[in-house]
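Colleague: I should like a close look at a single part of this model, with its surroundings described in a connected way. Please begin from one residue and work outwards.

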Amino acid sequence: MADAFPDFLTRGEPLGDEELHEAKEIVKQIRSGRGAEGHLDRLSELAVAWVTKNPAPIALGTVDYTR
C-alpha cells in the first residue's frame with residue numbers, strides 16, 4: 001500500500017510537484033527502515049491536502065500489490 005500512495009496523490013487534481021516528490025521520498029525511507037519520527041504524520045497531511053483538492057470520490061481501480 002505504501003508504494004501506491006504517491007501514485008494516488010497524482011489522481012484527479014494532483015498535489016504539486018514538490019509535495020509529490022516529498023511523498024515518494026518519505027515512502028522510500030519508510031520502506032527501507034529509515035523512516036523518521038513524523039513521517040507518517042506528514043503522509044497523513046499530504047493525504048488531507050489531496051482530499052481537500054478532490055472532495056468527490058475517485059475510483060482508484062486495481063493496484064499492483066498483494067498482501
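In which helix is the place of Ile30?

Modeller: The model is a predicted one, and in it Ile30 belongs to helix H2. With a relative accessible area of 31%, Ile30 counts as partly exposed, because the buried class is reserved for values under 20% and the exposed class for values over 50%. Beyond its neighbours within four places in sequence, Ile30 is in contact with Gly35, His39, Leu40 and Leu43. For one of these, Leu40, the C-alpha atom is separated from that of Ile30 by 8.7 Å, and the two residues are 10 apart along the chain.

The helix itself comes next. H2 comprises 15 residues, and the distance from its first C-alpha to its last is 21 Å, close to the 21 Å expected at 1.5 Å a residue. Its buried residues are Leu20, Ala23, Ile26 and Val27. They lie on the same side of H2, because the arc they cover around the axis is only 125 degrees. The spacing has a general background: an α-helix has 3.6 residues a turn, so residues three or four places apart point the same way. On the other side of H2, Asp17 and Glu18 are exposed. After H2 comes Gly33, with a positive phi near 85 degrees.

What do the buried residues of H2 pack against? Their partners are helix H1 (5-8) and H3. Ala23 gives a detailed view: when neighbours within four places in sequence are left aside, Ala23 is in contact with Pro6, Leu9, Leu43 and Leu46. Leu43 is also among the contacts of Ile30.

These residues lead to the largest nonpolar core, which has 10 residues in all: Phe5, Leu9, Leu15, Leu20, Ala23, Ile26, Val27, Leu43, Leu46 and Trp50. Two elements, helix H2 (17-31) and helix H3 (39-53), each give two or more residues to this core. H2 provides the largest share, four residues. As a general background, nonpolar side chains in soluble globular proteins tend to be buried together.

Trp50, a member of that core, also touches Glu13. Glu13 is situated in the loop between H1 and H2 and is partly exposed, at a relative accessible area of 44%. Not counting residues up to four places away in sequence, Glu13 touches Lys53 and Asn54 as well as Trp50. The C-alpha atom of Glu13 is separated by 9.4 Å from that of Val51, although their positions lie 38 residues apart along the chain when counted as sequence separation.

The wider setting may now be added. The secondary structure of the protein chain consists of three helices and zero strands, in the order α-α-α from the N terminus on. The radius of gyration is 12 Å, close to the 11 Å that the globule rule gives for 67 residues, so the chain is as compact as a globular protein of that length. Along the principal axes, the C-alpha atoms fill a box of roughly 35 × 25 × 20 Å. Of the 67 residues, 22% count as buried. Among contacts between residues at least 6 apart in sequence, 58% join residues at least 24 apart. The accessible surface amounts to about 4,900 Å², and 53% of it belongs to carbon and sulfur atoms.

Conventions. Residues numbered from 1 in each chain as written. Predicted model: local features only at pLDDT ≥ 70, side-chain atom pairs only at ≥ 80, totals over all residues. Heavy atoms only, no water. Core = buried A, V, L, I, M, F, W, Y, C linked by side-chain atoms within 4.5 Å. Buried < 20%, exposed > 50% of the residue type's maximum accessible area, 1.4 Å probe, protein only. Contact = heavy atoms within 4.5 Å. Expected span 1.5 Å × (residues − 1). Arc of directions from axis to C-beta. Rg over C-alpha atoms; globule rule 2.2 N^0.38 Å. Areas by Shrake-Rupley, 256 points an atom, 1.4 Å probe, with all protein chains shown as cover.
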